[in-house]
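Thanks for passing this one along. Here are my notes, set out as numbered points so that you can follow them with the model open beside you.

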Amino acid sequence: MQLASTLTCPVCGHRATETMSIDSCQFFYECVNCNKLIQPKTGDCCVFCSSGPVPCPPIQRHSSCCSGAA
């Protein structure tokens, strides 16, 4: 399982490598460059699934994903 993913801010394009939790999703992420609060795109469970190349661990395990914010 891959736990690191590089998030790309959809507002300013800044990239930051972050470590994902193995048992929960991250619903919000604040860009360290522009300070905008990033949320998942419609249909995605978390910011890693929306703004990164690696899906969150629950999705990697092919299990149901989160029902709320982490």
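1. A word on terms before we start: helices and strands here are DSSP runs, numbered from the N terminus, with at least four residues (H or I) for a helix and at least two (E) for a strand. On that footing, D44 sits in the loop between strand 4 and helix 1. Please keep in mind throughout that this is a predicted model.

2. Let me stay with D44 for a moment. Its relative accessibility is 32%, and D44 therefore counts as partly exposed, since that class runs between the 20% and 50% limits. Beyond residues up to four places away in sequence, D44 touches C49 and S50. P55 is eleven residues from D44 in sequence, and the two C-alpha atoms are 9.7 Å apart.

3. Both of those contacts lead into helix 1. S50 belongs to this helix, which covers residues 47-51. S50 is buried because its relative accessibility is 11%, and buried means under 20%. With neighbours within four places in sequence set aside, S50 is in contact with P40, K41 and D44.

4. C49 is also found in helix 1. With a relative accessibility of 22%, C49 counts as partly exposed. Leaving out neighbours within four places, the contacts of C49 are D44, P55, C56 and I59. For a distance to check on screen, try C49 and Q2: they are 47 residues apart along the chain, and their C-alpha atoms are separated by 13 Å.

5. Which residues does F48 contact, apart from its neighbours within four places in sequence? The list is S5, L7, E18, T19, M20, Q26, V54 and C56. F48 lies in helix 1 and is buried, with a relative accessible area of 3%. The C-alpha atoms of F48 and S5 are separated by 7.1 Å, although these positions lie 43 residues apart in the numbering sense of being that far apart along the chain.

6. S51 completes my tour of this element, as its place is in helix 1 too. S51 counts as buried, at 13% relative accessibility. Once neighbours within four places are left aside, S51 is in contact with T6, L7, T8, P10 and I38. L7 therefore turns up in the contact list of S51 and in that of F48, where contact means heavy atoms within 4.5 Å.

7. Now to the core. In soluble globular proteins, nonpolar side chains tend to be buried together. Here the largest nonpolar core has 14 residues, and those with the most contacts inside it are Y29, I38, C46, V47, F48 and C56. One of these, C46, touches C25, Q26, P40 and C56 when residues up to four places away are not counted.

8. How many bridges join strand 1 to strand 2? There are five, and the two strands run antiparallel, with strand 2 covering residues 15-19. You can check the register with two pairs: L7 has A16 as its bridge partner in strand 2, and A4 stands opposite T19 in strand 2. The hairpin that these strands form has six residues between them, and G13 there takes a positive phi near 85 degrees.

9. A second positive phi deserves a look, this time in a residue other than glycine: N35, with phi near 65 degrees. N35 is placed in the loop between strand 3 (29-30) and strand 4 (37-38). Is N35 buried or exposed? N35 is exposed, because its relative accessible area is 51% and the exposed class begins over 50%.

10. Last, the surface. M1, L3 and I22 make a nonpolar patch of about 290 Å². L3 is in the segment before strand 1, which spans 4-8. At a relative accessible area of 31%, L3 is partly exposed, and L3 can therefore be part of a patch, since patch residues need over 30%.

Technical notes: Residues are numbered from 1 along each chain as its sequence is written. This is a predicted model: local features need pLDDT of at least 70, side-chain atom pairs count only at pLDDT 80 or more; totals for chains, interfaces and linings use all residues. Side-chain values use heavy atoms; hydrogens and water are left out. A nonpolar core is a set of buried Ala, Val, Leu, Ile, Met, Phe, Trp, Tyr and Cys residues joined through side-chain atoms within 4.5 Å. Buried means under 20% relative accessible area, exposed over 50%, partly exposed in between (1.4 Å probe, protein chains only). Patches are made of residues with over 30% relative accessible area and no salt bridge: like charges are joined within 9 Å, nonpolar side chains (Val, Leu, Ile, Met, Phe, Trp, Tyr) within 5 Å. Accessible areas come from the Shrake-Rupley method with a 1.4 Å probe; for residues, only the protein chains shown count as cover. A salt bridge is a side-chain nitrogen of Lys or Arg within 4 Å of a carboxyl oxygen of Asp or Glu. Two strands pair if DSSP finds at least two bridges between them.
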